[in-house]
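Biologist: I have a model open and would like to learn how to read it. Can we go through it feature by feature?

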Amino acid sequence: MTSNTSPSLADALAAGTLVLDGGMSNQLESAGYDLSDELWSARLLAERPEAVTEAHLAYFRAGADVAITASYQATFEGFARRGIGHDDAARLLTLSVDLAREAARQARDAGIGRPLWVAASVGPYGAMLADGSEYRGRYGLSVNELERFHRPRIEVLAAAAPDVLALETVPDADEGTALLRAVRGLGVPAWLSYTVDGRHTRAGQPLEEAFAAAADVDEVIAVGVNCCAPRDVESAVEIASRVTGKPVVVYPNSGETWDAEARAWTGSTMFRAGQVEAWREAGARLIGGCCRVGPEGIAAIASGGF
């Protein structure tokens with residue numbers, strides 16, 4: 001936790017609505033950093049860690065209560081392709097949590113007195129492939145193989161003592177099951193967030209089926225959706241709340257479309273802070289933005305008077 005007097009994130013969600021941060025990558029790009037390689041924002045953990053802290057701080061200043069670490073695309077396999085060995089990769093994963101903690105410390109020093117929490121990002125297998133497959137799923141791997149992939153870095157992130165593990169942008173119910181297995185017994189709570197297309201996962205499974213896997217997992221304190229179109233959020237919130245009875249986390253992207261070949265976003269934004277009230281009424285308790293939603297969008301959410 002960010003301080004000894006802060007409530008747990010689970011208790012805070014039970015008490016009301018919290019604001020999540022926005023897209024890490026677009027905040028770094030807006031600061032002038034080139035993220036056009038396979039490691040994406042994780043590259044800056046090694047090269048410019050202070051930039052990651054500054055990005056987190058921008059969101060805390062905008063009104064975010066929870067920061068998601070820059071570890072979405074940070075994997076042992078991805079780092080190995082860049083010549084970074086296992087021990088150094090583990091150090092960078094740990095650093096991702098430390099940098100978010102440092103941003104929270106700086107926010108407190110700047111006079112922000114509300115509780116602040118850190119969520120350690122665990123991206124899907126497709127994020128490591130860096131080919132857009134996190135928006136498709138169906139990698140050709142079994143649940144057991146996916147669990148073996150995820151467990152080592154989840155263990156490292158859990159050892160860094162974040163407030164919660166963010167199992168995020170999961171395109172496939174099978175991968176959701178693997179991630180749920182991987183977090184059991186680690187002593188760190190988690191949320192599970194799918195990327196969706198309408199009322200289905202990106203891999204095509206009904207959301208009722210996808211969320212049901214998390215309903216009885218004690219480690220899971222919230223379920224929901226992220227990196228999806230804003231129009232898909234409200235129905236997903238209703239399903240997640242009904243199926244699991246848990247608080248719901250939502251952080252859609254701007255509504256633009258990711259072109260994996262060009263490594264660029266296309267289309268126009270459809271994210272409106274005014275949609276947030278409908279999401280909250282449907283059961284969302286942790287609300288923010290994903291790709292292409294920056295501090296201004298988070299400030300607009302935070303000003304809603306939750």
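Biologist: Let me start with a pairing. Which residue in strand 8 is the bridge partner of Y194?

Modeller: First, a caution: this is a predicted model. Now your pair. The bridge partner of Y194 is V225, in strand 8. Step back to the two strands. Strand 5 covers residues 190-194, and strand 8 covers residues 220-226. They pair in the parallel sense, over 5 bridges.

Biologist: In what order do the strands of the open sheet run?

Modeller: Read the order across the sheet, not along the chain. There are 8 strands, in the order 1-12-9-8-5-4-3-2. The pairing is parallel. Your strands 8 and 5 sit side by side in that order.

Biologist: Which are the edge strands?

Modeller: Look for strands that pair on one side only. Here they are strand 1 (18-19) and strand 2 (66-68).

Biologist: Now helices. How many residues of helix 9 are buried?

Modeller: Start with the general idea. An α-helix has 3.6 residues a turn, so residues three or four places apart point the same way. Now the case. Helix 9 spans residues 173-183 and is mostly covered, with 8 of its 11 residues buried. Among the buried ones are A173, E175 and G176. L179, L180 and V183 are also buried.

Biologist: What caps the N-terminal end of helix 9?

Modeller: D172 does. One of its side-chain oxygens lies 2.9 Å from the backbone nitrogen of D174. After the helix comes G185, with a positive phi near 80°.

Biologist: Which residues other than glycine have a positive phi?

Modeller: Two cases to look at. R138 has a phi near 55°. R138 lies in the loop between helix 7 (125-129) and helix 8 (143-159). A161 has a positive phi of about 60°, although it is not a glycine. A161 sits in the loop between helix 8 and strand 4.

Biologist: Why does R138 count as partly exposed?

Modeller: Because its relative accessibility is 48%, and the partly exposed class ends at 50%. A161 is also partly exposed, with a relative accessible area of 42%.

Biologist: And D87, buried or exposed?

Modeller: Exposed, because its relative accessibility is 62%. D87 is found in helix 6 (residues 86-109). Check its surroundings by C-alpha distance. D87 and F76 are 11 residues apart along the chain, and their C-alpha atoms are separated by 9.2 Å.

Biologist: How far apart in space are Q275 and P230?

Modeller: Their C-alpha atoms are 8.2 Å apart, yet 45 residues separate them in sequence. Q275 is found in the loop between strand 11 (264-266) and helix 12 (276-282). At 24% relative accessibility, Q275 is partly exposed.

Biologist: Where is T201, and which backbone oxygen lies 3.5 Å from a polar atom of its side chain?

Modeller: T201 belongs to strand 7 (residues 200-201). The oxygen is that of P171. T201 is classed as buried because its relative accessibility is 2%.

Biologist: Next, cysteines. How many disulfides does a search of the whole structure find?

Modeller: The general idea comes first. A disulfide is a covalent bond between the sulfur atoms of two cysteines. The search here finds 0.

Biologist: Why is C227 not bonded to C291?

Modeller: Because their sulfurs are 3.7 Å apart, too far for a bond. The cut-off is 2.5 Å. C291 holds the closest cysteine sulfur to that of C227. C228 is in no disulfide either, and its nearest cysteine sulfur, that of C227, is 7.7 Å away. Both cysteines of this neighbouring pair are buried: C227 has 2% relative accessibility, and C228 has 0%.

Biologist: Last topic, cavities. How many of 30 Å³ or more does a search find?

Modeller: The search finds 3. The largest has a volume of about 280 Å³.

Biologist: Which residues lie nearest the centre of the largest cavity?

Modeller: G23, M24, Y72, E168 and C290. The full lining has 23 residues. Next, ask which elements contribute. Helix 2 (24-30) and strand 4 (164-170) each supply at least two lining residues. Then ask about character. The lining divides into 10 nonpolar, 10 polar and 3 charged residues.

Terms used:
Residues are numbered from 1 along each chain as its sequence is written. This is a predicted model: local features need pLDDT of at least 70, side-chain atom pairs count only at pLDDT 80 or more; totals for chains, interfaces and linings use all residues. Side-chain values use heavy atoms; hydrogens and water are left out. On a 1 Å grid over the protein atoms alone, a cavity is a set of points where a 1.4 Å probe fits but cannot get out, and a pocket is an open set with protein on both sides within 12 Å along at least five of seven lines; lining residues have an atom within 4 Å of a point. Grid points are joined across faces, edges and corners, and a volume is the space filled by probe spheres set on the points. Helices (H or I, at least four residues) and strands (E, at least two) are DSSP runs, numbered from the N terminus. Ala, Val, Leu, Ile, Met, Phe, Trp, Tyr, Cys and Pro count as nonpolar, Asp, Glu, Lys and Arg as charged, and the others, Gly among them, as polar. Buried means under 20% relative accessible area, exposed over 50%, partly exposed in between (1.4 Å probe, protein chains only). A polar contact is a pair of N or O atoms within 3.5 Å; within protein, one must be able to donate a hydrogen and the other to accept it, and residues adjacent in sequence count only if both atoms are side-chain atoms. Two strands pair if DSSP finds at least two bridges between them.
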